[in-house]
Amino acid sequence: MRYILLLLIPLFLTGQSLYAQEHETNDKGSHRKTSYFRISTAIAHTFVPEETTDGTKTAVLPSLGLDIEFWVNHKFGIGLHNDLELMTFEVKENENILIEREYPFLMTLDALWKPYKELVVFVGPGIELEPVENYFVFRAGCEYEVEISTHWDLSPLVFYDIRDGAYNTLSVGIGIGYRFNSKKK
């Protein structure tokens, strides 16, 4: 709960500017409405420390992602980020107890911030759902949106997931996104 409050404080501190009808000018001199939705799909590799009977090694899992974001202005947004790890693996939990994770699905609700141009920094709480046991997750990461047309972008990304009382993972990937309601004026 305290993580959620820490994420919401910056949004409340920005006051009325979040709800204003703002416009920004792009490189071509035209304006687009800055309040918009963005949907993105991603493919990634997730690095998981795997504990087996042979010892510790790092497993590299393929992952698929689907992100749904709402940008309230050109600097701040909120996003529902979803990832599916496409393998079964074992991890060490607590004192030498090995648990098997079967295709875990992660959902995080992230605060989004663009500190510089199209660099997006995101943090937020979430949950990892899996048939045997679910974990609370805290995610932090960044991506850089490279515009490839009026509505489309390509974004390399990296993020780190911390699971409460369990293992942590690092993911590296690339996504392709589509912005809705970014009409030219």
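Among contacts in the chain between residues at least 6 apart in sequence, 52% join residues at least 24 apart, where contact means heavy atoms within 4.5 Å. The model is predicted, so to speak for local features a residue needs pLDDT of at least 70, side-chain atom pairs count only at pLDDT 80 or more, and totals for chains, interfaces and linings use all residues. Residues are numbered from 1 along each chain as its sequence is written, and side-chain values use heavy atoms, with hydrogens and water left out.

**Exercise 1. The overall layout**

Work out how many helices and strands the chain has, and in what order they run.

*Solution.*
- Step 1: Take the DSSP runs, numbered from the N terminus: helices are H or I with at least four residues, strands are E with at least two.
- Step 2: That gives one helix and 13 strands.
- Step 3: Reading from the N terminus, the order is α-β-β-β-β-β-β-β-β-β-β-β-β-β.
- Step 4: For burial, use relative accessible area: buried is under 20%, exposed is over 50%, and partly exposed is in between (1.4 Å probe, protein chains only). Of the 185 residues in the chain, 38% are buried.
- Step 5: The accessible surface of the chain is about 10300 Å², and carbon and sulfur atoms hold 64% of that. These areas come from the Shrake-Rupley method with a 1.4 Å probe; for residues, only the protein chains shown count as cover.

**Exercise 2. Two hairpins in a row**

Find out how β8, β9 and β10 are joined.

*Solution.*
- Step 1: Two strands pair if DSSP finds at least two bridges between them.
- Step 2: β8 (residues 105-116) and β9 (residues 119-129) run antiparallel, with eight bridges between them. Tyr-116 sits opposite Leu-119 in β9.
- Step 3: Now look at the turn. Two residues separate β8 and β9 in this hairpin, and Lys-117 there has a positive phi of about 45°.
- Step 4: Carry on to β10, which is antiparallel to β9 and joined to it by ten bridges. Here Val-121 faces Cys-142 in β10, and the hairpin has five residues between its strands.

**Exercise 3. Following the charges from Arg-38**

Trace the salt bridges of Arg-38 and say which parts of the chain they link.

*Solution.*
- Step 1: Side chains of opposite charge can pair when their charged atoms come close. The cut-off for a salt bridge is a side-chain nitrogen of Lys or Arg within 4 Å of a carboxyl oxygen of Asp or Glu. By this rule the chain has 14 salt bridges.
- Step 2: One of them pairs Glu-145 with Arg-38, with the closest N and O atoms 3.4 Å apart. Glu-145 is in the loop between β10 (135-144) and β11 (146-147), while Arg-38 is in strand β3 (residues 36-52), so to bridge them the pair spans 107 residues.- Step 3: Arg-38 also meets Asp-153 in a salt bridge, at 2.8 Å from N to O. Asp-153 lies in strand β12 (residues 152-163), so this pair ties together parts that are 115 residues apart in sequence.
- Step 4: Check burial. Arg-38 has a relative accessible area of 1%, which means that it is buried. Asp-153 comes in at 0%, so it is buried too. Glu-145 is likewise buried.

**Exercise 4. Extending the network**

Is Glu-118 buried or partly exposed, and which residues share its salt-bridge network?

*Solution.*
- Step 1: Glu-118 has 26% relative accessibility, so it counts as partly exposed.
- Step 2: Its salt-bridge partner is Lys-114, with the closest N and O atoms 2.8 Å apart. Lys-114 is buried because its relative accessible area is 3%.
- Step 3: Through shared partners, salt bridges join Arg-38, Glu-69, Lys-114, Glu-118, Glu-143, Glu-145, Glu-147, Asp-153 and Arg-179 into one network.

**Exercise 5. Two polar contacts**

Describe the surroundings of Arg-139 and Thr-169.

*Solution.*
- Step 1: A polar contact is a pair of N or O atoms within 3.5 Å; within protein, one must be able to donate a hydrogen and the other to accept it, and residues adjacent in sequence count only if both atoms are side-chain atoms.
- Step 2: Arg-139 lies in strand β10 and, at 2% relative accessibility, is buried. Its side chain makes a polar contact of 2.7 Å with that of Asp-161.
- Step 3: Leaving aside neighbours within four places in sequence, the contacts of Arg-139 include His-81, Leu-106, Phe-122 and Tyr-160.
- Step 4: Thr-169 belongs to strand β13 (residues 168-180) and is buried at 1% relative accessibility. A polar contact of 3.1 Å joins its side chain to that of Arg-163.
- Step 5: With neighbours within four places again left out, Thr-169 touches residues including Thr-46, Val-48, Phe-159 and Asp-161.
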